[in-house]
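Trainee: I have a model open and would like to understand the labels attached to it. Could you go through the reasoning with me?

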Amino acid sequence: MNIKGIYIIFLSTFMFSISVRGYVGQSDVCRKHSNYSNDEIVALILARGGSKGIHLKNLAQIGSDTLLSRTLKTIFNSKVFADVWVSTDSDLIASEAIKFNANVHIRAKHSADDSTTSIASVQEFLNIHSEINNVALVQCTSAFLTVRYLQEAVQLFQTTQVDCVFAVTRSFKLRWNYDAGKLVPLNFNLLHRPRRQDWNGELVETGMIYVTKKSLLQNGAFQNERCGFIEVCPSDELEIDSPSDLQLANVLIKLRKNYAAV
C-alpha cells in the first residue's frame, strides 16, 4: 500500500473516533419531552461497555444487526412506549443508540462497574429523570424479544391492578439439590413423579422485560406480590452471556429465516 492509501485509512479512522467520542462525562443526550402521565411507560436499556464474557456484548453482531440495534428496532416498532432510553458508560454504545433514535443517559461511574446491580442502575437513572413514573427495563441480550411480548407486557400493566409485569417461561423440569452429601428432590415427590400433563410446571424468569412502577423501583425491587407476568415461548428465551450463546443465536436466526422463506 502506498503512503496516500495509508494516510486515507488513518484519516478515516481518526474521523470515526471523533464521531463517537465525547458523550461520556457530559450530560444526557436526549430530545425535549414533557412530563409523563401516570400511565405512560418509558423503555430503558442498561448497556454498559465493560461486559466480561463478550467484549462490548451489547454491540455484538446478531444477524444483520447489533444486539442493541435489534432491540431498539423492536421497541420502536411496538409503539407502546412514551420514550426510549439507553443508559451507558460507553461512547461506542451511546453512538449506536443515537444512530437508532434513542435517548442516551450517561451513566455515572459508580453505577457501571462489575458489582453494580440492575436495580441500582435504574435508581441512578430515575434520580436524574424524576419525571418518569413507570419504567420498562428491556434486556438487549434477550435476542428473541418480539413486538408482541412488549405489547402484551404493557397492556397487562396498564389494564390491571398490578405494580409490575415481567417475562417468564414455563418449565416442566424436575429439579434436585445436592446438600450435605444427599440428593434431595425440590419440586416433586419421589413416589409420585408427575407427568408433564399432570401439573402446570414452574414459572422461570427470562430477564427479557420488567415493567415496574417508580415507587417500587425506589424501594429497591423490580417485583412484589402484586405482579403480573407474560409467558415467553421456550424457543425465544435464549439470553446472550457467552460466545457460544451468540453463535447459537446466529444459527437460530438463519434457520428461522430459511424456514420463513419456504
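Mentor: Happy to; we will take a helix pair, then a cavity, then a pocket, bearing in mind that this is a predicted model.

Trainee: Why are H2 and H5 called oblique to each other?

Mentor: Helix H2 (residues 67–78) and helix H5 (residues 147–159) pack at an angle of about 50 degrees, with axes 9 Å apart. Angles under 35 degrees count as roughly parallel, and 65 to 115 as roughly perpendicular. The value of about 50 degrees fits neither range, so H2 and H5 are oblique. Their crossing is right-handed.

Trainee: Which residues make the contact between H2 and H5?

Mentor: Thr74, Ile75, Asn77 and Ser78 come from H2, while Val147, Leu150 and Gln151 come from H5. By class, that contact has three nonpolar, four polar and no charged residues.

Trainee: What makes the space lined by Arg70, Thr71 and Thr74, among others, a cavity?

Mentor: A cavity is a set of points where a 1.4 Å probe fits but cannot get out. The largest cavity holds about 30 Å³ of space, and its lining also includes Ser142, Ala143, Phe144 and Leu145. That lining has three nonpolar, three polar and one charged residues.

Trainee: And what is the volume of the largest pocket, and which residues lie nearest its centre?

Mentor: Its volume is about 570 Å³. Of the 29 lining residues, Leu46, Arg48, Lys57, Ser118 and Gln139 lie nearest the centre. Strand E1 (42–46) and helix H4 (118–128) are among the elements that each supply at least two lining residues.

Definitions and conventions
Residues numbered from 1 in each chain as written. Predicted model: local features only at pLDDT ≥ 70, side-chain atom pairs only at ≥ 80, totals over all residues. Heavy atoms only, no water. 1 Å grid on protein atoms, 1.4 Å probe; cavity = no way out; pocket = protein on both sides within 12 Å on 5 of 7 lines; lining within 4 Å. Points joined across faces, edges and corners; volume = space filled by probe spheres on them. Helix = DSSP H or I, 4+ residues; strand = E, 2+ residues; numbered from the N terminus. Nonpolar A, V, L, I, M, F, W, Y, C, P; charged D, E, K, R; others polar. Axes fitted to C-alpha atoms, helices over the stretch in contact; angles between N-to-C directions. Parallel < 35°, antiparallel > 145°, perpendicular 65-115°, else oblique. Left-handed = near helix turned anticlockwise from the far one by under 90°. Contact = heavy atoms within 4.5 Å.
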